[in-house]
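The exercises that follow are meant to be worked through with the sequence and the coordinates side by side. Each one sets a task and then gives a solution in steps.

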Amino acid sequence: MSANRMPALFVGHGSPMNAVSDNRFTAAWKALGQSLPKPRAILMISAHWYTRGTAVTAMGNPKTIHDFGGFPDALFQVEYPAPGSPELAGQIADLLSPLSIYLDHDEWGLDHGAWEILVRMYPEANIPVVQLSIDGTKPLAWHLEMGRKLSVLREQGIMIMGSGNVVHNLREMNWQNADVEAYPWARSFEQFVCDNLRSQGSPHPLTQALEREDGKHSNPSAEHFLPLLYILGTWNGEEAISTPTEGIVSGSLSMLSVQVG
């Protein structure tokens with residue numbers, strides 16, 4: 001294993017308000033940005049770019065997308081002017097061959113699942129960022145395999161980062177009280193995820209997690225869970241796996257983050 005192998009990171013992103021308000025999670029993101037080796041570029045897999053087929057941002061200057069409504073004006077003022085990397089986008093398309101990858105030159109950019117975290121980790125916005133979309137038509141094991149194919153990028157100083165939430169049930173959330181006790185199904189599912197981060201089983205237990213009752217309740221749709229599978233796919237079976245943040249807010253929103261390496 002290369003001594004320069006960049007860590008891979010799944011971040012539980014929670015509310016867009018984490019971009020502008022301070023709490024223990026945003027403090028942890030800031031600390032990660034200061035303690036981890038500085039990446040040459042970042043490949044971001046965000047729950048909020050959920051597509052049919054797979055696309056990658058290939059523009060030189062991705063726009064900041066404010067893909068939400070009903071939040072304070074301060075959130076719409078946030079810009080994250082990180083450069084893109086058409087070169088890295090092309091490399092990703094090559095790595096995922098023969099899968100057909102759509103090179104997006106002007107439609108997407110950086111959504112809040114990406115910049116909400118990056119504005120805390122790397123506020124200077126001076127690291128190139130490329131986003132990879134999540135194909136919502138594919139089974140869970142496919143996304144884990146995508147992570148395996150992309151893992152070579154870690155040897156090249158590129159941080160692979162997933163952004164989502166392993167428990168993401170907005171309908172059941174207590175919007176008034178972030179500190180309310182977590183639902184039992186939310187706790188049990190987050191624990192199941194933690195217990196299986198280091199699994200080397202085949203099939204991987206987490207590729208079947210959403211078939212569990214607590215998994216269905218924790219993820220009425222899959223898009224916030226899937227980014228974790230990309231990150232676990234980059235694990236070489238020996239590296240340390242840690243959880244820089246843990247905790248369920250508002251009853252049904254897990255802020256668990258997972259670091260590989």
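**Exercises on pockets, salt bridges and the sheet**

The helices H5 (140-150) and H8 (226-233) each contribute at least two residues to the lining of the second largest pocket. The model is a predicted one, and the exercises should be read with that in mind.

**Exercise 1.** Describe the second largest pocket by its volume, its lining residues and their chemical character.

*Solution.* Step one is the volume, which comes to about 160 Å³ for the second largest pocket. Step two is the list of residues that line this pocket: Leu144, Arg148, Leu197, Ser199, Gln200, Gly201, His204, Leu232, Gly233, Trp235, Asn236 and Gly237. Step three sorts the lining by class, which gives four nonpolar residues, seven polar ones and one charged; since Arg is counted as charged and Gly as polar, the charged member of the list is Arg148.

**Exercise 2.** Describe the largest pocket in the same way, and state which residues lie closest to its centre.

*Solution.* The volume of the largest pocket is about 550 Å³. Its lining consists of 28 residues, and those closest to the centre are Gly14, Ser15, Pro16, Met173 and Leu253. By class, the lining of the largest pocket holds 12 nonpolar residues, 15 polar residues and one charged residue.

**Exercise 3.** Arg148 lines the second largest pocket; find the salt bridge partner of its side chain and place both residues in the secondary structure.

*Solution.* The side chain of Arg148 forms a salt bridge with that of Glu145, at 3.2 Å from N to O. Both residues belong to helix H5, where they stand three residues apart, or about one turn of the helix. As for accessibility, Arg148 has a relative accessible area of 43% and is partly exposed, and Glu145, at 33%, also counts as partly exposed.

**Exercise 4.** Which acidic side chains meet Arg5 in salt bridges, and which parts of the chain are tied together as a result?

*Solution.* The whole structure contains eight salt bridges. In one of them the side chains of Glu155 and Arg5 meet at 2.7 Å, N to O. Glu155 sits in the loop between H5 and strand E10 (158-164), whereas Arg5 sits in the segment before strand E1 (8-12), so this pair ties together parts that are 150 residues apart in sequence. A further salt bridge joins the side chains of Glu239 and Arg5 at 3.0 Å, N to O. Here the linked parts are 234 residues apart, with Glu239 in the loop between H8 and strand E11 (241-242) and Arg5 in the segment before E1.

The next step is burial, for which the cut-off is under 20% relative accessible area. Arg5, at 14%, is therefore buried, and so is Glu239, at 10%, while Glu155, with 32%, is partly exposed. Finally, salt bridges that share partners join Arg5, Arg154, Glu155 and Glu239 into one network.

**Exercise 5.** Is Leu228 of helix H8 buried or exposed, and which residues is it in contact with beyond its neighbours in sequence?

*Solution.* Leu228 lies in helix H8 and has a relative accessibility of 0%, so it counts as buried. When neighbours within four places in sequence are left aside, Leu228 is in contact with Phe10, Val166, Val193, Leu197, Leu206 and Val258. Leu197 also appears in the lining of the second largest pocket.

**Exercise 6.** Give the strand order of the open six-stranded sheet, and explain why one side of each edge strand has no neighbour.

*Solution.* The six strands follow the order E8-E2-E10-E1-E14-E11, and their pairing is mixed. Strand E8 (129-131) and E11 stand at the edges, and because each has a single partner strand, one side of each is left without a neighbour in the sheet. Within the sheet, strand E2 (residues 41-46) and E10 run parallel and are joined by six bridges; Met44 has Met161 of E10 as its bridge partner.

Terms used. Residues are numbered from 1 along each chain as its sequence is written. This is a predicted model: local features need pLDDT of at least 70, side-chain atom pairs count only at pLDDT 80 or more; totals for chains, interfaces and linings use all residues. Side-chain values use heavy atoms; hydrogens and water are left out. On a 1 Å grid over the protein atoms alone, a cavity is a set of points where a 1.4 Å probe fits but cannot get out, and a pocket is an open set with protein on both sides within 12 Å along at least five of seven lines; lining residues have an atom within 4 Å of a point. Grid points are joined across faces, edges and corners, and a volume is the space filled by probe spheres set on the points. Helices (H or I, at least four residues) and strands (E, at least two) are DSSP runs, numbered from the N terminus. A salt bridge is a side-chain nitrogen of Lys or Arg within 4 Å of a carboxyl oxygen of Asp or Glu. Buried means under 20% relative accessible area, exposed over 50%, partly exposed in between (1.4 Å probe, protein chains only). Contact means heavy atoms within 4.5 Å. Two strands pair if DSSP finds at least two bridges between them.
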